Amino acid sequence: MNKIIIVGAGFAGLQAAKGLTTSSFDVTIIDKNNYHLFQPLLYQVATAGLSPADIAAPIRNIFRSQQNPKVILDELIGINPQLNQIKTKNNTYIYDFLVIATGSEPSYFGHDQWKNFSYGLKNIKDATSMRTKILKAFEKAERIKNKNDLDKLMKFVLIGGGPTGVEMAGAIAELSKKILTKEFTTIDTKTAKIILLEAGPNILPTASHSLSIYAQKTLEKLGVEVKCNTSVKNISESLVETNAETIDAETIIWCAGVKASPVKSWINVKTDEKDRVLVNDDLSISGYSNIFVIGDASHAKNKNSKPLPGLAPVAKQEGNFVAEVIKKNIHNGKPPKKFYYKNRGYLATIGRSDAIVDFGWFTLKGRIGWIFWSIIHIYFLIGFRNRLIVFINWLWSYLTFSKGARLITDDK
């Protein structure tokens, strides 16, 4: 029986596994976590809108109705393509086909020391730590008398004007200016200063220009100070130095970029400047037609020869494609030779009832955009329970201006 190993249970790996579990293959999923995480809603955990369990599902539970795949909690540390073998922290495994879908991690553009002073957002631990940091800033401010210290505590700097930065900025503004206003007696949470820094001329640079401008104006109405053409020169303890000024802030959040997981440390492959593996048209790697790299770890090109963005729709389509290639190869069929991405649109939410949706041929914005954004995100969540709970939480939050996941669980 053909052995297929999928490393990583994000959007790409999960979709590849789903495409292969209906066949009589020996499929093994290996992941260092025992759950699949719906990353597009991770910022809502970080801003106390949802709990971690609302956007995550155990991998074993996802495949409970199938006889395969096997699920292994372990971490990849090496690949020997000559022997068709991978090495993990606890074992070695033989494969006939290997799918690497190990995702990405925050990139500080060569300034790794900045991670000690700013929070990235890629996993549940990041989100809960960030939630604690944000909520503790208000709690500390409630007992502080010194004005300079108070101003620093009530200032939140977000670096990077992509979807994560925009969504985080809107959510923190909503939290401070609408939700917490009646819960503190000493401080006025409405005076919190949320600053969004973007190195380029516009936030949401991959959206249309008109939607980018709309998103900026909407954020500014929420009380977010948007600063474009502002590059970060240095980050230290409670300080952000830019090309224009130095900002003193207790909470610094990094949303500026990501790099691929370190595939190059496991196998000798060519990568781009973001460590994404340069793959062939069929998403295999050069020299090894039975090894595929998909999702955020992959440098695949669109029809204009530009790298595809690290978005969930891209990852899911790549997972489906690779599953089809493997099935055709095993059954001596004619596998598809080239992956083509079908653009399903670009979405970002701004606050509690505003979002943009860009399909290229038509766009949505405002409340109707937010309704569409909500429907799409609920639909793609894993499991009926998560869909129902997220829907109820969003409905309750919308009607009551409340966020029920405001728990400080870190005692640091």
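Which strands does helix H8 (residues 312–330) lie across? In this predicted model, where local features need pLDDT of at least 70, side-chain atom pairs count only at pLDDT 80 or more, and totals for chains, interfaces and linings use all residues, helix H8 lies across strand S1, strand S9 (97–100) and strand S21, and runs at about 175° to S9. Residues are numbered from 1 along each chain as its sequence is written, and side-chain values use heavy atoms, with hydrogens and water left out. Helices (H or I, at least four residues) and strands (E, at least two) are DSSP runs numbered from the N terminus, and angles, which run from 0 to 180 degrees, are taken between the N-to-C directions of lines fitted to C-alpha atoms, for helices over the stretch in contact.

The strands just named belong to an open sheet of six strands with mixed pairing, in the order S5-S2-S1-S9-S21-S20, where two strands are said to pair if DSSP finds at least two bridges between them. Strand S5 (70–73) and strand S20 (284–285) are the edge strands, each of which pairs on one side only. S20 is joined by two bridges to strand S21 (residues 288–293), and these two strands run antiparallel; within this pair, Ile285 stands opposite Tyr288 in S21. Helix H1 (residues 11–20) also packs on the sheet, where it touches strand S1 (3–7) and strand S2 (26–31), and its direction makes about 155° with that of S1.

Helix H1 is mostly covered, since nine of its ten residues are buried, a term that denotes under 20% relative accessible area, with exposed meaning over 50% and partly exposed in between (1.4 Å probe, protein chains only). Among the buried residues of H1 are Phe11, Leu14, Gln15 and Leu20. The buried residues of H1 pack against S1, S2, strand S3 (35–37), helix H3 (59–62) and H8, contact being defined as heavy atoms within 4.5 Å.

Asn290 has its place in strand S21 and counts as buried at 13% relative accessibility. Not counting residues up to four places away in sequence, Asn290 touches Asn84, Tyr95, Asp96, Phe97 and Leu98, and its side chain reaches the backbone oxygen of Asp96 at 3.0 Å. The C-alpha atoms of Asn290 and Ile326 are separated by 8.2 Å, although these residues lie 36 residues apart along the chain. A further buried polar residue is Gln44, at 11% relative accessibility, which is found in helix H2 (residues 42–46) and touches Gly49, Leu50, Trp373 and Trp394, again not counting residues up to four places away in sequence.Helix H4 (residues 124–143) has 20 residues and reaches 29 Å from its first C-alpha to its last, close to the 28 Å expected at 1.5 Å a residue, the expected span being 1.5 Å times one less than the number of residues. H4 is mostly covered, with 14 of its 20 residues buried. The N-terminal end of H4 is capped by Asn123, a side-chain oxygen of which lies 3.2 Å from the backbone nitrogen of Lys125; a polar contact is a pair of N or O atoms within 3.5 Å, of which, within protein, one must be able to donate a hydrogen and the other to accept it, and residues adjacent in sequence count only if both atoms are side-chain atoms.

Strand S11 (residues 155–159) is largely enclosed by the rest of the structure, because five of its five residues are buried. In a regular strand the side chains alternate between the two faces of the sheet. Both faces of S11 are covered, with Lys155, Val157 and Ile159 buried on one side and Phe156 and Leu158 buried on the other. S11 pairs in the parallel sense with strand S12 (residues 193–197) over five bridges, and the bridge partner of Lys155 in S12 is Lys193.

An open sheet of three strands has the order S23-S24-S25, with antiparallel pairing. Strand S23 (346–349) and strand S25 (363–365) stand at its edges, each with a single partner strand, so one side of each is left without a neighbour in the sheet. S23 and strand S24 (residues 355–358) pair in the antiparallel sense over four bridges, and Thr349 stands opposite Ala355 in S24. Helix H9 (residues 366–380) lies across S23, S24 and S25, and runs at about 105° to S25.

With a disulfide defined as a pair of cysteine sulfur atoms within 2.5 Å, the count comes to zero disulfides. The sulfur of Cys228 is 14 Å from the closest cysteine sulfur, in Cys255, and is therefore too far for a bond. Cys228 is buried, with a relative accessible area of 18%, and Cys255 counts as buried at 15% relative accessibility.
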